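New to this one? Take a look at the model below, and then we'll walk through it together.

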Amino acid sequence: MSSIEDFQTSLESLPNMLQKKYALMRDLDRSLNESQRQNEQRCEQEIEGIERRVKSGNITPDPALIKFSDEALDEQKHCIRIADEKVALALQAYDLVDDHIQQLDQYLRKFDEQLRRERDVADASRIAVMNPENSVNSGDTGKGRRKKTRSAAAAAAAAEAPVVPAETPSMDLDLPVDPNEPTYCFCNQVSFGEMVACDNPDCKIEWFHYGCVGLREQPRGKWYCSDCAGLQKRRKTK
């Protein structure tokens with residue numbers, strides 16, 4: 001099959017195809033049983049006739065000369081043909097199912113390989129996010145720019161610092177930083193790890209470490225630090 005869509009279509013039709021083959025096998029089985037029953041009766045009658053003729057002396061009891069009629073032999077051959085047809089149908093049903101199983105195994109292997117590649121990409125992305133050199137920060141204190149980049153000196157200093165999980169509540173770290181590196185957040189530390197920007201354009205701090213503000217992932221929608229959120233509430237109550 002050329003595509004997964006073709007395979008799905010064939011798989012959906014598989015039960016109907018098997019049912020047709022099983023129905024033919026049941027019909028052949030009934031025909032075979034009836035033919036065998038009739039032939040057994042014919043053979044019994046012929047045997048009884050042979051025994052009577054032997055007893056009456058009409059025929060010589062020579063096993064080489066005593067045999068069933070051509071009709072009985074033909075009927076037996078017919079039963080054998082029916083049995084062969086049943087075996088052929090059973091093999092066709094088996095091959096049909098086996099072919100779909102093999103194709104399904106191939107698609108599952110491809111799917112597993114795709115999942116593995118996606119996991120590798122996701123792992124690489126997480127490593128890139130955890131790397132301090134990829135943090136979004138800046139030494140520019142201008143309020144008009146929200147994207148920040150760290151200086152080369154700060155990046156080198158942060159690379160030497162231990163990795164701190166995002167859920168660590170305390171951000172009081174002894175980081176070897178450049179004295180000219182700008183500081184952020186309530187902890188007044190340099191940028192490291194993942195940080196979030198306050199959506200208040202007049203925020204005095206602007207950027208905050210996830211752990212210092214109790215975040216574990218990027219917030220949805222607008223986010224304000226506690227100072228700006230409190231300021232907005234006081235303005236609304238006036």
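Reading along the sequence, you meet the elements of the protein chain in the order α-α-α-β-β-α. That makes four helices and two strands. Keep in mind as you look around that this is a predicted model.

Two of the helices come up again further down, so here is where they sit:

| Helix | Residues | A residue in it |
|---|---|---|
| α1 | 4–56 | E44 |
| α2 | 70–130 | E75 |

Now for the chain as a whole. Of the 238 residues in the protein chain, 26% are buried. Its accessible surface adds up to about 17,000 Å², and carbon and sulfur atoms account for 53% of that. What about contacts between residues at least 6 apart in sequence? In the protein chain, 55% of them link residues at least 24 apart.

Next, zoom in on E75, which belongs to helix α2. Which residues does E75 touch, leaving out those up to four places away in sequence? They are S35, N39 and R42. E75 is buried, yet it has no salt bridge. The nearest side chain of opposite charge is that of R42, 4.7 Å away, while a salt bridge needs the side-chain nitrogen and the carboxyl oxygen to be within 4 Å.

Finally, have a look at the surface. Which residues form a negative patch there? E40, E44, E48 and E51 do. One of them, E44, is part of helix α1, which covers residues 4–56.

Conventions
Residues are numbered from 1 along each chain as its sequence is written. This is a predicted model: local features need pLDDT of at least 70, side-chain atom pairs count only at pLDDT 80 or more; totals for chains, interfaces and linings use all residues. Side-chain values use heavy atoms; hydrogens and water are left out. Buried means under 20% relative accessible area, exposed over 50%, partly exposed in between (1.4 Å probe, protein chains only). Contact means heavy atoms within 4.5 Å. Accessible areas come from the Shrake-Rupley method with a 1.4 Å probe; for residues, only the protein chains shown count as cover. Lys and Arg count as positive and Asp and Glu as negative; His and the chain ends are not counted. Patches are made of residues with over 30% relative accessible area and no salt bridge: like charges are joined within 9 Å, nonpolar side chains (Val, Leu, Ile, Met, Phe, Trp, Tyr) within 5 Å. The place of a charge is taken as NZ of Lys, CZ of Arg, CG of Asp or CD of Glu.
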